[in-house]
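This report describes selected structural features of a multi-chain model with bound metal ions. The sequence and the coordinates are shown first.

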Amino acid sequence: MSDDLTRMTAAEIAALIAGGEVAAVEVAQAHLDRIAAVDQSVHAFLHVDTAGALDAAKAVDAARAAGTVLGPLAGVPLAMKDVVVTKDLPTTAGSKILEGWHPPYDATITRRIKDAGIVMLGKTNMDEFAMGSSTENSAYGPTHNPWDLSRIPGGSSGGSSAAVAAYEAPLAIGTDTGGSIRQPAAVTGIVGHKPTYGAVSRYGLVAFSSSLDQAGPFGRTVLDAALLHEVMAGHDPCDSTSIDAPIAPVVAAAREGAELSSLAGVRVGVVRELGGEGYQAGVVASFEAAVETLRGLGAEIVEVSCPNFDYALAAYYLIAPSECSSNLARFDGVRYGLRVGDDGANSLEDVMSITREAGFGAEVKRRIIIGTYALSSGYYDAYYGQAQKVRTLIARDFTAAFARADVLVSPTSPFVAFGIGERIDDPMAMYVNDLCTLPASLAGTPAISVPCGLADGLPVGLQIMAPAMADDRCYRVAAAFEAATEHVLASIPELS
Amino acid sequence: MNYADVIARYEPVIGLETHVELSTASKMFCGCSTEFGAEPNTHTCAVCLGLPGALPVANETAIESTIRIGLALNCSIAAWCRFARKNYFYPDMPKNFQTSQYDEPLCVEGYLDVEVEGNTVRVGIERVHLEEDTGKNTHVGTSGRIHGADYSLVDYNRAGIPLVEIVTKPVPGTGALAPEVAKAYVTELRNILRTLGVSDVRMEQGSLRCDVNTSLNLPGAEWGTRTETKNVNSLRSVERAVRSEILRQAEVLDGGGRVTQETRHFQETTGDTRRGRSKEEATDYRYFPEPDLVPIAPDPDWVESLRVALPELPAARRVRLRDEMGVSAEDLVQMSNAGVVDLVGITTFAGAPVGEARNWWLGYLAQKANERGVEPPDLPITPEQVARVIELVSSGSLSVALARQAVDGVLETGSDVDEVVAERGLKVVSDTGALEQAADGAIAANPDIAAKVRGGKLSAVGALVGAVMKATRGQADAAAVKQILLDRLGVGS
Amino acid sequence: MPDATEPSPGPRVDEPVGRLSRADVAHLARLARLAVTDDELDIFAGQLDVILGAVARVGEVASDDIPPTSHAVPMTNVYRVDEVVPSLPREAVLACAPAVEDEKFRVPRILAEDA
Ligand SMILES: [Mg+2]
Ligand SMILES: [Zn+2]
């Protein structure tokens, strides 16, 4: 029974709990048992909150017993990326510099999760401060891909994607700055969505790149992701960049997409610049097959060109490091977190530098230095300023493309999961993982990754992009595609 | 070194940078209170401590106040502008960047006219922008100063309080009057801010802080290298700082040296400036638009409504003092020399007779300021409070002597006039029985004076009145006492 | 790229590594308050120069007439009402701190003047 519970979708679990056929506590315990059984090999979690999870589950069961109408995901377990602030629970963002920090407040999405009766199992592993595409940049050791433990689970939200793929949790929350939800979803064979910038509150996300960061859902099905999306999204007065508008009806869109299983009248744009040379053959093959599936569902396939997408990588690796060099300045060992070198003789300036040197990993230092350079007087216009203009051009490319297509599609990542350690010493080789996901990040537009088959026995992701505020289009097309294809997770090898 | 001689050989150019803490209820980007003097770190939250994940939301009243200041300083208001991050590491700055404004200030291109010894000097305003204040460091160690301190303690209550920065253009051509012009500018600016009600402009509490830029050049030559003098905490210090810096730079130049561009710190005690951080070593602030805040685009109609709703400003008030209240030109000059003209104005327009207001500010209050070594506007008493005192006198509930005690009470405790009056039980004794008793006592104690009065030398009664006032601790009405004495001595009319 | 294993001769001020010299990296690390080691300097100087070479491509786009995008979603005038809301309990705030004295955050002696 408990094994069955971990194999169910969030929607199924919620229905069973609401119907009184199973207690939320049983569901929580089943997942805690699964974590105990497999996580030493997967290492998806940095912190498991057994007591907190069981208490939250008990509260749901009590509410139901008292006749309270439960929310659509009440009692469903969830894995939270450790970049999201959780009151009185460790929040490290994968960094040594925040080791032992217990925040005195909750992120807005943490509060929404709790209010919805969702059961938070714990905090998941990630690339330090969300900088990476493999979760190897965690100060607490890498996470292993449940498809092949010698490979990476994607990043930076690799702990969350691995937890969902390994049936340790039916739902997880990640954050996506340049692809950190979509690429991990792709390489672990699950669904992950990056919402429109401003659709989900950033209040309480340990900031990496403020103008790009966006939290979003992971699930094993499109509907599960949609259900979580609607809990997370909505205006937040604590986030000045939060959009004050109704939430896109993503759950309805996911249901409709699956039921109609037709895309008649939907124009799907294939982006010429996101494919071809440098892309793994198996990935290209799966993608082309996926496009044929969409055509088979009645979609009209058009080719679109977005020439400025070729500059997305360059613009991103100026903007994100620049903003991070400023966002990470606060980690100085004065108010919270690590302090090193305070021997009574060292000056404050020295202690700050020693603390930051000891507390940050190599990739974080590299990006801080690049960002410091790109913002320094004399270089600002050539680097940061110019990158901001490229951002405008990329947004214009999207506008032009969306005049000809309702959604745009591409592979989510040029590659399937690569081996742990393969690219860690070559930053550029790591950065190209984000080639396909960066444009939507820079334009602030929504994009989803849905499994579209296997290459060399490893999952490949299909990215579906929509205009800002039209997140529902991503879900509708993804759900229709999902309904028309066999789910890759059916063939994930069993973890011993 | 002789000042007049220096001015004969060099031309000073001054400029002022003023930081003003706004008197909003809550901080710039969070809901923490801005109340002064609270227990350390009790007005802090995730936002103003820069905790990971916290985000700012701008205080609408602070935006409004900044625009009103800009309008009062004849600035044009930006149609669209942004906050920017000023990046540098300092422990009193929780995020290690200050949310400020860079190349897109909220207000630009204004001016402020100031009167100095009869002539008007127009001080150009380059920009007025909005930013956040920092926390406060206490340096612990033998010296108690930053140099030679063993360690420091940080209180973040002040961090995030809205701070408006007002920057003048360089002011050349003021010659010997440079120090007075600098002081007159800060005085007038402070009057305007007080009139707008946007700040309590307490220099001693740091809610108005001034940096003074000074340079010297030979007549006709281009402007010299400027120094920036910080830590100028009173109107008097503004004047002293400019003067001492002019003298110091002249000495350097006379010695064939060159003035280095640097920050200097004014020493209240010695009256001169001490070398601080030199600009050459200054860090690159790496400004960029604040991504956590959206642009400011003030609705033109809103800005216009703010302009229309501006209160009467000090300059207009002075004109009205002259034209409506009939204050003579000489009086105005005397008052402005004493730095009280606006205080008298506000006191008058708060309901006091202009003559009374003038006498209080030029008399007792000027004397009090002198005793404390501050300028009258620096006294911790408001013109409104003075007007209230005057009201209590004319209504007869306070004698002039009692009124002075009331003023002393306000100056000492900072509490309001009526509180002081109540706490100290200040009220005129009108109980004739008690007064007659005191009068008899005075007559008995001074038989020879009493005899003189009986003998017709009525002027001598003054001494007896004094004795009675003394006995009643000033709580009696002198006129009434005199009448009673004359009656008792049988010479009453 | 310098061999990271060779014993580092210490800061070599005038040794350009393409666009970003080792000295540049050392200066930037100081600005960013990172006490990087000589070995890191050797590795970073090479890596950062490669990255900079790649990102410098943004310069190829003609863009004099293109407005920069600082915010993906265009919004203006987002404000809060000037109301006091309760601060955090002081114990909770100071509990996070590495060092506390007299209810204040204790820090080592400060060299620099206020900026
Ligand atoms: Mg400033
Ligand atoms: Zn606060």
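Leaving aside its neighbours within four places in sequence, with which residues is Leu462(A) in contact? The residues are Phe287(A), Ala290(A), Leu294(A), Val409(A), Ser410(A), Thr412(A), Ile448(A), Ser449(A), Val450(A), Cys452(A) and Phe481(A), where contact means heavy atoms within 4.5 Å.

The model is predicted, so that local features need pLDDT of at least 70 and side-chain atom pairs count only at pLDDT 80 or more, while totals for chains, interfaces and linings use all residues. Residues are numbered from 1 along each chain as its sequence is written, chains are lettered from A and ligands numbered from 1 in the order in which they are written, and side-chain values use heavy atoms, with hydrogens and water left out.

## Nonpolar cores and strand β11(A)

Leu462(A) is among the residues with the most contacts inside the largest nonpolar core, which has 290 residues; the others named are Phe129(A), Leu294(A), Ile69(B), Leu73(B), Ile166(B) and Tyr185(B). A nonpolar core is a set of buried Ala, Val, Leu, Ile, Met, Phe, Trp, Tyr and Cys residues joined through side-chain atoms within 4.5 Å. Buried means under 20% relative accessible area, exposed over 50%, and partly exposed in between (1.4 Å probe, protein chains only). Apart from the largest core lies another, of 34 residues, including Leu343(B), Ala369(B), Leu392(B) and Val421(B). In soluble globular proteins, nonpolar side chains tend to be buried together.

Strand β11 (residues 458-465) of chain A is mostly covered, with 8 of its 8 residues buried. Helices (H or I, at least four residues) and strands (E, at least two) are DSSP runs, numbered from the N terminus; two strands pair if DSSP finds at least two bridges between them. Strand β9 (residues 407-411) of chain A runs antiparallel to β11(A) and is joined to it by 4 bridges, with Leu408(A) opposite Met465(A). Strand β10 (residues 447-455) of chain A is also antiparallel to β11(A), through 7 bridges, and Ala455(A) has Leu458(A) as its bridge partner. The hairpin of β10(A) and β11(A) has 2 residues between the strands, and Asp456(A) takes a positive phi near 55° there.

## Metal sites

Donors are N, O and S atoms within 2.8 Å of the metal (3.2 Å for Na, K and Ca); water is not among the atoms, so sites may look incomplete.

| Ion | Donors | Distances | Spacing |
|---|---|---|---|
| Zinc ion (ligand 2) | Cys30(B) (SG), Cys32(B) (SG), Cys45(B) (SG), Cys48(B) (SG) | 2.3 to 2.4 Å | C-x1-C-x12-C-x2-C |
| Magnesium ion (ligand 1) | His19(B) (NE2), Glu131(B) (OE), Glu165(B) (OE) | 2.0 to 2.6 Å | H-x111-E-x33-E |

At the magnesium ion (ligand 1), Glu131(B) lies in strand β7 (residues 119-132) of chain B and Glu165(B) in strand β10 (residues 162-168) of chain B, so the pair ties together parts that are 34 residues apart in sequence. Both Glu131(B) and Glu165(B) are buried.

The zinc site is tetrahedral, with angles of 102 to 115° among its 4 donor atoms; four donors count as tetrahedral if all angles lie between 85 and 135 degrees. Of its donors, Cys32(B) is buried at a relative accessible area of 1%, and Cys48(B) is buried at 7%.

The structure holds 0 disulfides over all chains, a disulfide being a pair of cysteine sulfur atoms within 2.5 Å. For Cys238(A), the nearest cysteine sulfur is that of Cys45(B), 9.7 Å away. Cys238(A) is partly exposed, with a relative accessible area of 32%.

## A sheet across chains B and C

An open sheet of 4 strands has the order β8(B)-β9(B)-β3(C)-β2(C), with antiparallel pairing. Its edge strands, β8 (136-140) of chain B and β2 (100-101) of chain C, each pair on one side only. Strand β9 (residues 151-155) of chain B and strand β3 (residues 104-108) of chain C share 4 bridges, and Ser152(B) has Val107(C) as a bridge partner.

Pro108(C), in strand β3 of chain C, is buried at a relative accessible area of 5%. Beyond residues up to four places away in sequence, Pro108(C) touches residues including Arg339(A), Leu348(A), Tyr151(B) and Ser152(B).

Definitions and conventions. Tetrahedral: all angles 85-135°; square planar, octahedral: opposite > 155°, others 65-115°.
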